[in-house]
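Visitor: I should like to examine one part of this protein closely, beginning with a strand pairing and then moving outward to its surroundings. Please take me through it in order.

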Amino acid sequence: MNTEITSNIHYVGVNDRHKDIFEGLWPLPYGVSYNSYIINDEKIALVDTVEADFFPQYLDNIRQVIGDRQIDYIIVNHMEPDHSGSLALIKQYYPGARIVGNKKTFDMMRGYYHVGEDASEILEVKNGDTLSLGKHELQFVLIPMVHWPETMVTLDQTTHTLFAGDAFGCFGALNGAFVDSHMNCDIYWDEMRRYYSNIVGKYGVPVQQALKKLSGVQIDYICSTHGPVWHEYIERVMAEYNRLSLYNAEPGLVICYGSMYGNTERAAEVIARAASEAGVKNIVMHDVSRTNHSYILSDIFKYNAMVLGAPTYNNGLYPQMESLLSEIGGRNIKGRKLGIFGSCTWAGQAVKKIKEWNETTAKFELVGEPAEIKQSLSEETRKACEALGKAMAESIL
Ligand SMILES: Cc1cc2nc3c(=O)[nH]c(=O)nc-3n(C[C@H](O)[C@H](O)[C@H](O)COP(=O)(O)O)c2cc1C
Ligand SMILES: [Fe+2]
Ligand SMILES: [Fe+2]
């Protein structure tokens, strides 16, 4: 079986089609891959590992490439357990391997796995340091907060291959091939935006800093820790990460609503209809209790406007909307337009709460007049919803 990506660099990762929700939060309809790589040179380096559950397969993948030779270096670009989970086990099979990481890597490693406690088993590197494996000359570049403080990438200057950690990664297991030019990549583009918005979305500024550090560097292969190895689509992937980390979006409207008895939902329909009549073509609607927020966040990273509406619930905001607000607010999203609506039966809180959230947290551009309905749509509140939809359309187009 050929596992070679480019000269002496091999894919040894695994596919996870067992897990339903990543981080206990994000659905995985197409699964996810944990990518790991071997550089099979005079010295053998393993780049990142995989979740511990997949260890038997992982070990087999490694042995398929190196037989009974020993691993010299284990490079740890990122300590999140989806990549570091097999470290303690791999050290038992390859006790002579030196672990390569930066200062922050080892602080975490000792805490998680009690590995790297002995100075002789580690090689601590700083930004820009290099390591020769024989033919392959590696360089380490620290990219903190993409997506943890210890994150770094490893650049093989010989083959112009970037071992990128989570950067440029996406959801979706690998179905046979591992390099983009050997597969149909259709599903991965949406899965990349969803992965980015769900996992890395808060760290737009650090991602921009990382992209600047890498600009001007020749890169022929991007070996991320999730999803395809990028070769043919490097430009598209870089452009997508650049766009997402700048929070740039295309014209379109995401309408999110909560509703218990259908009245708030009807208001959402009126807003959508009015925006459509005023010419907006990209409109997506989500019931916040039914659509997993993973997909809502992905749409909010795609489109430049949103309308949020919910019932008043026990003198506060409908819980699923409250949770969505916290998820949006935690991602430092910039440059979005916001419309607000809400409902109540005796004393309204929903509109007020969403407004307060925007003033204190999201700071989006408020468009139109918030529409507040009482019990059900009246002639007057229907007009208010129509006006809101129209105002959103005017500000989008
Ligand atoms: C459990 C529960 C708590 C509610 N709490 C409030 C409240 O504190 N203040 C209020 O004015 N209406 C309250 N309501 C009424 C809802 O806000 C009202 O049913 C809703 O706005 C109508 O929209 P819907 O048909 O989309 O659910 C409550 C309703 C339920 C079921
Ligand atoms: Fe991560
Ligand atoms: Fe990851």
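Which residue in β13 does L131 stand opposite?

Guide: L131 stands opposite L138 in β13. The model is a predicted one, and what follows describes this pairing, the sheet around it and then the helices.

The two strands concerned, β12 and β13 (residues 137-142), run antiparallel and are joined by three bridges. They form a hairpin with four residues between them. Within that turn, G134 has a positive phi of about 130°.

L138 also has a counterpart in β14, where D156 stands opposite. The pairing of β13 with β14 is again antiparallel, over five bridges. β14 (residues 152-156) is in turn joined to β15 (residues 161-165) by three bridges, and these two strands run antiparallel. T154 has F163 as its bridge partner in β15. In a regular strand, side chains point alternately to one face of the sheet and to the other.

These pairings belong to an open sheet of five strands, ordered β12-β13-β14-β15-β16, with mixed pairing. Its edges are β12 (130-132) and β16 (221-224), each of which pairs on one side only. From one strand to the next, the twist averages 20°.

The sheet also bears on a helix. In α6 (residues 204-214), the buried residues are G204, P206, V207, Q208, A210, L211 and L214. Their cover includes the strands β14 and β15, together with the helices α5 (186-200) and α7 (234-245). As background, an α-helix has 3.6 residues a turn, so residues three or four places apart point the same way. Just after α6, G216 adopts a positive phi of about 85°.

Further along the chain, the packing of helices can be followed through α9, α10 and α11. Two packed helices are described by the angle between their axes and by the distance between those axes. For α9 (residues 293-302) and α10 (residues 319-329), the angle is about 45° and the axes are 11 Å apart. That angle makes α9 oblique to α10, and their crossing is right-handed. From α9, the residues H293, I296, L297 and I300 meet Q320, S323, L324, E327 and I328 of α10. By class, this contact has five nonpolar, three polar and one charged residues.

Helix α10 also packs with α11 (residues 350-362): the two axes come within 11 Å and cross at roughly 15°. α10 and α11 are therefore roughly parallel to each other, and this crossing too is right-handed. Here M321, L325, I328 and G329 of α10 meet I354, W357 and T361 of α11. By class, the contact has five nonpolar, two polar and no charged residues. I328 thus appears in both contacts of α10, with α9 and with α11.

Finally, the chain as a whole gives the setting for these parts. It holds twelve helices and 23 strands, and 57% of its 397 residues count as buried. Along its principal axes, the C-alpha trace spans about 80 × 40 × 35 Å. Among contacts between residues at least 6 apart in sequence, 72% join residues at least 24 apart.

Terms used: Residues numbered from 1 in each chain as written. Chains lettered and ligands numbered in written order. Predicted model: local features only at pLDDT ≥ 70, side-chain atom pairs only at ≥ 80, totals over all residues. Heavy atoms only, no water. Axes fitted to C-alpha atoms, helices over the stretch in contact; angles between N-to-C directions. Parallel < 35°, antiparallel > 145°, perpendicular 65-115°, else oblique. Left-handed = near helix turned anticlockwise from the far one by under 90°. Contact = heavy atoms within 4.5 Å. Nonpolar A, V, L, I, M, F, W, Y, C, P; charged D, E, K, R; others polar. Pairing = 2+ DSSP bridges. Buried < 20%, exposed > 50% of the residue type's maximum accessible area, 1.4 Å probe, protein only.
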